[in-house]
Amino acid sequence: QVQLVESGGGLVQAGESLRLSCAASGQTFTMYAMAWFRQAPGKEFEFVARISTYMAIHGGDTYYVDSVKGRFTISGDNVENMLYLQMNSLEPEETGVYYCAATTSTSATLSIDRAEYRSWGQGTQVTVSS
């Protein structure tokens with residue numbers, strides 16, 4: 001079992017930055033990848049970014065949805081069991097609840113499929129004003 005707790009959300013203006021954090025606890029040694037997803041009001045649940053955390057298999061590999069490439073950076077600290085999402089040049093359309101997720105499936109180290117992620121945080125609200 002892995003428990004995840006997000007923090008760092010808030011209200012910013014368009015063009016500004018936020019850094020989201022996700023603290024992992026429990027059986028963190030079983031995690032193979034971690035990711036950020038988001039859900040904007042009235043929109044579909046969306047993958048944002050993924051990092052493979054199991055060093056022996058694709059360790060450190062990252063992947064982003066096209067809309068955030070060059071602006072967002074996902075990173076992790078395996079010692080502190082933390083996941084981060086640095087978000088720069090935020091846009092109003094990126095308002096929503098951001099969720100941290102983890103997968104313990106050895107076949108999902110490169111996955112961006114929501115269904116592969118069985119551990120989820122409670123979410124943190126990000127609001128970008130225009």
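In the predicted model, Glu46 is classed as partly exposed, because its relative accessibility of 27% lies between the limits of 20% and 50%. The residue takes part in a salt bridge with Arg38, in which the closest N and O atoms are 2.7 Å apart. Arg38, by contrast, counts as buried, because its relative accessibility is 7%, and buried means under 20%. The contact thus joins a buried arginine to a partly exposed glutamate.

Arg38 also forms a salt bridge with Glu94, with a distance of 3.4 Å from N to O. This second pair connects distant parts of the chain, the two residues being 56 residues apart. Arg38 belongs to strand S4, which covers residues 33-39, while Glu94 is located in the loop between strand S8 (82-87) and strand S9 (96-103). In this pair, both residues are buried. The two contacts of Arg38 are part of a wider arrangement, since a network of salt bridges links Arg38, Glu46, Arg71 and Glu94.

A search of the whole structure identified five salt bridges. Among them is the pair of Lys69 and Asp66, whose side chains meet at 2.9 Å from N to O. Lys69 counts as partly exposed, because its relative accessibility is 43%. Asp66 counts as exposed, because its relative accessibility of 59% is over 50%. The burial classes of this pair, partly exposed for Lys69 and exposed for Asp66, may be set beside those of Arg38 and Glu94, both of which are buried.

The cysteines were examined next. A disulfide is a covalent bond between the sulfur atoms of two cysteines. The structure contains one disulfide, which joins Cys22 to Cys100 with an S to S distance of 2.1 Å. The link is left-handed, with a value of -75° about the S-S bond. Cys22 lies in strand S3 (residues 18-26) and Cys100 in strand S9, so the disulfide ties together parts of the chain that are 78 residues apart in sequence. Cys22 is classed as buried because its relative accessibility is 0%, and Cys100 is likewise buried, with a relative accessibility of 0%.

Taken together, two kinds of link join parts of the chain that are separated in sequence. The salt bridge of Arg38 and Glu94 spans 56 residues, and the disulfide of Cys22 and Cys100 spans 78 residues. Strand S9 appears in both descriptions: Glu94 lies in the loop between strand S8 and strand S9, and Cys100 lies in strand S9.

Note on methods. Residues numbered from 1 in each chain as written. Predicted model: local features only at pLDDT ≥ 70, side-chain atom pairs only at ≥ 80, totals over all residues. Heavy atoms only, no water. Salt bridge = Lys/Arg side-chain N within 4 Å of Asp/Glu carboxyl O. Buried < 20%, exposed > 50% of the residue type's maximum accessible area, 1.4 Å probe, protein only. Helix = DSSP H or I, 4+ residues; strand = E, 2+ residues; numbered from the N terminus. Disulfide = S-S within 2.5 Å.
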